[in-house]
Amino acid sequence: MHASSVLQQLDYFGTAAFALAGTVQAMEKGFDVVGCLAIATVTAVGGGTVRDLLLGNTPVFWIRHQEYLVLALVTSAVTRIACRMFPSIRPVKKANVLLDSIGLGTFAVIGTQVALKTQNSALVAVLSGLMTATFGGCIRDVILNRYPVLFTKELYGASAVAGSTTYLLALAHLSSYRAFMIGVLCTVLIRNISVTFDWNGPF
């Protein structure tokens, strides 16, 4: 499979993973089908929307490429139906963390790439990666009346920043594809290890 195709599939996977997580959390709050679809969509495309608006990339990505919107909605609908029909398959915490971390890493690196393509500095690129990866979840948490995980001591935002930074450093020596994969892997490892061993930030 061509490298660009793999990266595209990872982007779709991240979108679906975030939509799934948003749907499950909305169901836990008792949201109906419309509410679940809305939360899933916000979680999946919210960060990228904020990024595009701040970087001046308009219309935002999901208007130009509506397959992301369709994927989020379909994932949400399928997740809701599956959880209603088979309650025992509702994702357990470890699986949810793994899926979320892959989406987190993928979106962090993609956000960094988008900023670099518009000739922004490395600092702006890392912040763009952080926004892309986490702001959708922040909006979701506010709607669900939860304290956003980004603002807790969990190494959530730090995992995204680490992935973005690793991607930038790797890009100086490796191909874009390899740098992308290393950046995503960095985020996935930090996020999952921190959850497994209950590591938190010092402040």
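Okay, quick definition before anything else: when I say contact, I mean heavy atoms within 4.5 Å. With that in hand, and bearing in mind that this is a predicted model, here's the overall picture.

Take the contacts in the protein chain between residues at least 6 apart in sequence: 73% of those join residues at least 24 apart. As for secondary structure, we've got eight helices and zero strands, so to speak a plain run of α-α-α-α-α-α-α-α as you read along the sequence. The radius of gyration comes out at 16 Å, close to the 17 Å from the globule rule for 203 residues, so the chain is as compact as a globular protein of that length. If you like box dimensions, the C-alpha trace spans about 50 × 40 × 35 Å along its principal axes. And 49% of the 203 residues count as buried.

Now let's zoom in on one helix pair. How do α7 and α8 cross? Helix α7 covers residues 157–171, helix α8 covers 176–196, and their axes come within 8 Å, crossing at roughly 155 degrees. Anything over 145 counts as roughly antiparallel, so that's what α7 is relative to α8. The crossing is right-handed, by the way.

Who's touching whom? On the α7 side, the contact includes Ser159, Ala160, Gly163, Tyr167 and Leu171. Over on α8, you'll find Phe180, Ile182, Gly183, Cys186 and Arg191 among them. Sorted by class, the α7–α8 contact has 10 nonpolar, six polar and one charged residues.

Okay, that's my bit, over to you.

Technical notes. Residues numbered from 1 in each chain as written. Predicted model: local features only at pLDDT ≥ 70, side-chain atom pairs only at ≥ 80, totals over all residues. Heavy atoms only, no water. Axes fitted to C-alpha atoms, helices over the stretch in contact; angles between N-to-C directions. Helix = DSSP H or I, 4+ residues; strand = E, 2+ residues; numbered from the N terminus. Parallel < 35°, antiparallel > 145°, perpendicular 65-115°, else oblique. Left-handed = near helix turned anticlockwise from the far one by under 90°. Nonpolar A, V, L, I, M, F, W, Y, C, P; charged D, E, K, R; others polar. Rg over C-alpha atoms; globule rule 2.2 N^0.38 Å. Buried < 20%, exposed > 50% of the residue type's maximum accessible area, 1.4 Å probe, protein only.
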